[in-house]
Amino acid sequence: NMPVDAFLNLFEEPSDDKKECLKQLIDLLDFLKENSVELEENTTLFIRSDENFMIENAVDGVFTPEGPFYVSSNPKYGEDLKYTNILLMPKSKKILPIGPDNDLDIIIAPGTEFKLQDTMDETQNLWMCGAQPFYDDKTEEDD
């Protein structure tokens, strides 16, 4: 039940560009796991965009990014963009600060669950951070 092209691509040798991209992603994920910090207090973060991607990709009111998710601690970041997603991060959740020189200065781990709390209006949504399975230390051997 798979398209023929997708099936054949399973056997294709990755190009050097794909290999380099994959290596960079693995390095980023390792860095994220090793350097993320627990929040010492409840924190509000922001992501703005021209598309309402969090709502459009939410399943049963839960948005889960597949890859590293870049957000801002600056409430004024991207004010000219149409959609605003406000992310409530409770104390003890993990983030990776990447510095004040970037508008998107926080990385959230892939797989972090955000549950829709409120649709404030047609352009603003409020989300609460839930599970962060990326940081679970459980391995298959623990099962």
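Strands, like helices, are DSSP runs numbered from the N terminus, a strand (E) having at least two residues and a helix (H or I) at least four. The model is predicted, so that local features need pLDDT of at least 70 and side-chain atom pairs count only at pLDDT 80 or more, whereas totals for chains, interfaces and linings use all residues. Residues are numbered from 1 along each chain as its sequence is written, and side-chain values use heavy atoms, with hydrogens and water left out.

**Exercise 1. Locate K115 and state which residues distant in sequence it is in contact with.**

Solution. Begin with the element: K115 belongs to strand 8, which spans residues 114-121. Next, consider accessibility, for which buried means under 20% relative accessible area, exposed over 50%, and partly exposed in between (1.4 Å probe, protein chains only); K115, at 44%, therefore counts as partly exposed. Then list its contacts, a contact being heavy atoms within 4.5 Å: once neighbours within four places in sequence are set aside, K115 is in contact with G61, V62, L126, W127 and M128. Finally, the C-alpha atoms of K115 and C129 are separated by 6.5 Å, although the two residues are 14 apart along the chain.

**Exercise 2. Determine whether N125 is buried or exposed, and find the side chain with which its own side chain makes a polar contact.**

Solution. N125 lies in strand 9, and because its relative accessible area is 2%, N125 is buried. A polar contact is a pair of N or O atoms within 3.5 Å, where within protein one must be able to donate a hydrogen and the other to accept it, and residues adjacent in sequence count only if both atoms are side-chain atoms; the side chain of N125 makes such a contact with that of T119, at 3.4 Å. Residues up to four places away in sequence not being counted, N125 touches N52, I55, T84, N85, I86, L116, D118, T119 and M120.

**Exercise 3. Identify the strands that pair with strand 6, and in which sense they do so.**

Solution. Two strands pair if DSSP finds at least two bridges between them. Strand 1 (residues 37-38) meets strand 6 (residues 94-97) in the antiparallel sense over two bridges, and here V37 has I95 as its bridge partner. Strand 7 (residues 106-108) likewise pairs with strand 6 in the antiparallel sense, over two bridges, with P97 standing opposite I106.
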